[in-house]
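Here is a short report on one protein chain. Keep the structure open while reading.

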Amino acid sequence: QLAAGGFISGVVLAEGGGPAAGAGVSFFESGGQYLGGTGASSAGAYVSPALPAGSYYVLTNNSGGFINEVYDNVACVSCPVTAGTLVSVTVGNTASGISFALTPGGRVAGRITNADGGAGIPGVWVDFHDVTGSHVGSSSQSDAGGYYIAQIGMPTGTYYASTNNNGAFVNEAYDNLPATTDMSSRTPIAVTAGATTPDINFQLAEG
């Protein structure tokens, strides 16, 4: 027996206009518990699933290199969603105008190859962490040539990278360090908002 709910709607755009590539939004209850998400249309518009009456946080996600935000206008890469502003929902109504204008962040790109022979390794993700050790995002899976790029944008700062694969290769932290290396001992990567840091490469050995 399902009860009627209310909705949250808005648009996710790139700063200056136009939709943000690969954008969507996620919804969290007032205590920060994740409830679900939805993608934005090609024009950037979204509508939430039906939600019970209550108050919710709304967080963007994207694959176009933009810095995600939690409503209202709070940059949120590894922040708690509770840093945002709650959106009130009532049954039978839509809380409209819950919109975002995302700014470009910095991205990291490189290639993942087999340490034995140098062939590209497809299907590997790269995870990124900030100086506190918090996970801030991941790359797309590496392509047939082993090339990858971070999906989200990161604010200017220092980050750390490591591979994540389900195949036959031993994961590593950048640069050629064991994946178990403590964050404070890893090689830092400088990222600048609006630019891509290239050549963050990995050579993985078979396990």
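Start with one residue. Asn 165 is buried, because its relative accessibility is 10% and the cut-off for burial is under 20%. The model is predicted, and the values in this report are computed from it.

## Asn 165 and its loop

Where does Asn 165 lie? Its place is the loop between β15 and β16 (172–173). The side chain of Asn 165 has polar partners in the backbone. One of its polar atoms lies 2.8 Å from the backbone nitrogen of Gly 167. A polar atom of that side chain also lies 3.0 Å from the backbone oxygen of Phe 169. Beyond residues up to four places away in sequence, Asn 165 touches Val 124, Asn 171 and Leu 204.

## The overall chain

The chain has 207 residues, and 42% of them count as buried. Its secondary structure comes to 20 strands and 0 helices. Along the principal axes, the C-alpha atoms fill a box of roughly 60 × 40 × 30 Å. The accessible surface is about 9,500 Å², and carbon and sulfur atoms hold 51% of it. Take the contacts in the chain with a separation of 6 or more: residues 24 or more positions apart account for 67% of them.

## Two nonpolar cores

Which residues have the most contacts inside the largest nonpolar core? They are Val 108, Ile 112, Phe 128, Tyr 148, Met 154 and Phe 202, in a core of 20 residues. Several strands feed this core. At least two of its residues come from each of β11 (107–114), β12 (125–130), β15 (157–164), β18 (189–191) and β20 (202–204).

A second core is separate from this one and has 19 residues. Ile 8, Val 87, Ala 95 and Ile 98 are among them.

Ile 112 shows what the surroundings of a residue in the largest core look like. Leaving out residues up to four places away in sequence, Ile 112 touches residues including Val 126, Tyr 148, Phe 202 and Leu 204. Ala 119, Gly 120, Ile 121 and Val 124 are also among the residues it touches, as are Ser 142 and Gly 146.

## Strand pairing around β15

β15 pairs with β12 and with β18. It runs antiparallel to β12, with 6 bridges joining the two. Across that pairing, Asp 127 stands opposite Ser 162 in β15. β15 also runs antiparallel to β18, joined by 3 bridges. There, Gly 157 stands opposite Val 191 in β18.

Thr 158 is found in strand β15. Is Thr 158 buried, exposed or partly exposed? It is partly exposed, with a relative accessible area of 35%. Leaving aside neighbours within four places in sequence, Thr 158 is in contact with Asp 130, Val 131, Pro 188 and Ile 189. Tyr 174 is 16 residues from Thr 158 along the chain, and their C-alpha atoms are separated by 13 Å.

## Aromatic pairs

The chain has 5 aromatic pairs. In one of them, the ring centres of Phe 27 and Tyr 46 are 6.3 Å apart and the planes meet at 45°, so the pair is tilted. Phe 27 lies in strand β2 (residues 24–29) and Tyr 46 in strand β4, so this pair ties together parts that are 19 residues apart in sequence. Phe 27 is buried at 1% relative accessibility. Tyr 46 is buried too, at 3%. Elsewhere, ring pairs link Tyr 148, Tyr 174 and Phe 202 into a cluster.

## Thr 60 and Pro 52

Thr 60 is found in strand β5. It is buried, with a relative accessibility of 2%. Its side chain makes a polar contact of 2.9 Å with the side chain of Asn 68. Outside its neighbours within four places in sequence, Thr 60 is in contact with Val 12, Gly 24, Val 25, Asn 68, Glu 69, Phe 100 and Leu 102.

Pro 52 is found in the loop between β4 (45–47) and β5 (54–61). Pro 52 is exposed, because its relative accessible area is 52% and exposure means over 50%. Pro 52 and Ala 95 are 43 residues apart in sequence, and their C-alpha atoms are 13 Å apart in space.

## Accessibility at a glance

| Residue | Relative accessible area | Class |
|---|---|---|
| Asn 165 | 10% | buried |
| Thr 158 | 35% | partly exposed |
| Thr 60 | 2% | buried |
| Pro 52 | 52% | exposed |

Note on methods
Residues are numbered from 1 along each chain as its sequence is written. This is a predicted model: local features need pLDDT of at least 70, side-chain atom pairs count only at pLDDT 80 or more; totals for chains, interfaces and linings use all residues. Side-chain values use heavy atoms; hydrogens and water are left out. A nonpolar core is a set of buried Ala, Val, Leu, Ile, Met, Phe, Trp, Tyr and Cys residues joined through side-chain atoms within 4.5 Å. Buried means under 20% relative accessible area, exposed over 50%, partly exposed in between (1.4 Å probe, protein chains only). Helices (H or I, at least four residues) and strands (E, at least two) are DSSP runs, numbered from the N terminus. Contact means heavy atoms within 4.5 Å. A polar contact is a pair of N or O atoms within 3.5 Å; within protein, one must be able to donate a hydrogen and the other to accept it, and residues adjacent in sequence count only if both atoms are side-chain atoms. Rings of Phe, Tyr and Trp (its six-membered ring) pair if their centres lie within 6.5 Å; planes under 30 degrees apart count as stacked, over 60 as edge-to-face and the rest as tilted. Accessible areas come from the Shrake-Rupley method with a 1.4 Å probe; for residues, only the protein chains shown count as cover. Two strands pair if DSSP finds at least two bridges between them.
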